[in-house]
Amino acid sequence: MTSTLLHLAAVVFFPALMALSASMDLLTFTIPNRICVCLALGYLILAAPLGVPAVDILLNLSCALAILALAFVMFNLGWVGGGDAKLAAATAVWLGWSSILDYGVTAAIFGGVLTLIILGARMAPLPAALGRFAWVARLHDCKSGVPYGIALAAAGLLQYPGSGIWAAAV
């Protein structure tokens, strides 16, 4: 029974928090630190009991640290938000080196498409009925950025079935 719950937790935990991070970014343009911390700690709590080898766990941690450093540089250049940087690193610990390039490319493609959709929508007037929703008005505002956490989460979800922890869980 415990093993089944552990496997279920590994299959559900990551996707649920990725969906939550995307939703929070869409609605508030922020990704709370607690989501990123829960993602990172969740991996550390689940990986070893599922049988992920210690060396793989350490490699995944090194991947997350490398992505955090890279994302920090991108944040300092104004290319991504702080929440996006932390989410990318928290996602990297789940995916590891074997999937990180595919994750980055997929996130860039999804982010580009998302940006084009939002920029296109901003060119049209916002219907008054939708303008009553603060998050829609903020999303439509040309001075606002793009909730890139949506692209990061979608890319992470797409890559997750190829990860080592997924293989250990299913």
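Trainee: Which residues of H3 are buried?

Mentor: Ile57, Asn60, Cys63, Ala64, Ile67 and Ala71 are the buried residues of H3. Keep in mind that we are looking at a predicted model.

Trainee: What covers the buried residues of H3?

Mentor: The cover includes H2, H4 and H5.

Trainee: How do you know that the span of H3 agrees with what its 23 residues should give?

Mentor: Set the two values side by side. The expected span is 1.5 Å times one less than the number of residues. For the 23 residues of H3 that gives 33 Å, and the end C-alpha atoms are 33 Å apart, so the two agree.

Trainee: And what follows H3?

Mentor: Glycine 78 follows H3, and its phi is positive, near 80°.

Trainee: What makes phenylalanine 29 worth a look, as far as its phi goes?

Mentor: Start with the general rule: most residues other than glycine have a negative phi. Phenylalanine 29 is not a glycine, yet its phi is positive, about 60°. You will find phenylalanine 29 in the loop between H1 and H2.

Trainee: Why does phenylalanine 29 count as partly exposed?

Mentor: Buried needs a relative accessible area under 20%, and exposed needs over 50%. Phenylalanine 29 has 22%, so it counts as partly exposed.

Trainee: Why is glycine 83 called buried?

Mentor: The limit is under 20%. Glycine 83 has a relative accessible area of 18%, so it is buried. Glycine 83 sits in helix H4. Leaving out residues up to four places away in sequence, glycine 83 touches Ile31 and Cys36.

Trainee: How far apart are glycine 83 and tyrosine 148 in sequence and in space?

Mentor: In sequence they are 65 residues apart, while in space their C-alpha atoms are 9.3 Å apart.

Trainee: How do you know that serine 21 is buried?

Mentor: With the same limit of under 20%, serine 21 at 0% relative accessibility counts as buried. Serine 21 belongs to helix H1. Not counting its neighbours within four places in sequence, its contacts are Ile31, Ile35, Leu87 and Ala153.

Trainee: Let's turn to the aromatic rings. How many aromatic pairs are there in the whole structure?

Mentor: A search finds six. One of them joins phenylalanine 13 and tryptophan 94, with 6.1 Å centre to centre and 25° between the planes.

Trainee: What makes phenylalanine 13 and tryptophan 94 a stacked pair?

Mentor: Two checks are needed. Ring centres must lie within 6.5 Å, and planes under 30 degrees apart count as stacked. At 6.1 Å and 25°, phenylalanine 13 and tryptophan 94 meet both conditions, so the pair is stacked.

Trainee: Which helices does that pair link?

Mentor: Phenylalanine 13 is in helix H1 (residues 2–28) and tryptophan 94 is in helix H4, with their positions 81 residues apart in the chain. At 27% relative accessibility phenylalanine 13 counts as partly exposed, whereas tryptophan 94 is buried at 0%.

Trainee: Why is the pair of phenylalanine 14 and tryptophan 94 called tilted?

Mentor: Under 30 degrees would be stacked, over 60 would be edge-to-face, and the rest is tilted. The planes of phenylalanine 14 and tryptophan 94 are 40° apart, with 5.1 Å centre to centre, so the pair is tilted. Phenylalanine 14 lies in helix H1 and tryptophan 94 in helix H4, so this pair ties together parts that are 80 residues apart in sequence. Both residues are buried.

Trainee: Which residues form one aromatic cluster?

Mentor: Phe13, Phe14, Tyr43, Trp94, Tyr160 and Trp166 do.

Trainee: Now the pockets. How much space lies in the largest pocket?

Mentor: About 340 Å³. There are 17 lining residues, and the closest to the centre are Leu70, Met74, Ala88, Gly104 and Leu152. H5 gives the most to this lining, with seven residues.

Trainee: What makes up the lining of the largest pocket, by class?

Mentor: There are 15 nonpolar residues, one polar and one charged. Leu, Met and Ala count as nonpolar, while Gly counts as polar.

Trainee: And what volume has the second largest pocket?

Mentor: About 220 Å³. Of its 13 lining residues, Ala40, Ala64, Leu68, Ala89 and Ala90 are the closest to the centre. Helix H2 (33–50), H3 and H4 each give two or more residues to the lining, and H2 gives the most, with five. By class, that lining has eleven nonpolar, one polar and one charged residues.

Note on methods. Residues numbered from 1 in each chain as written. Predicted model: local features only at pLDDT ≥ 70, side-chain atom pairs only at ≥ 80, totals over all residues. Heavy atoms only, no water. 1 Å grid on protein atoms, 1.4 Å probe; cavity = no way out; pocket = protein on both sides within 12 Å on 5 of 7 lines; lining within 4 Å. Points joined across faces, edges and corners; volume = space filled by probe spheres on them. Helix = DSSP H or I, 4+ residues; strand = E, 2+ residues; numbered from the N terminus. Buried < 20%, exposed > 50% of the residue type's maximum accessible area, 1.4 Å probe, protein only. Contact = heavy atoms within 4.5 Å.
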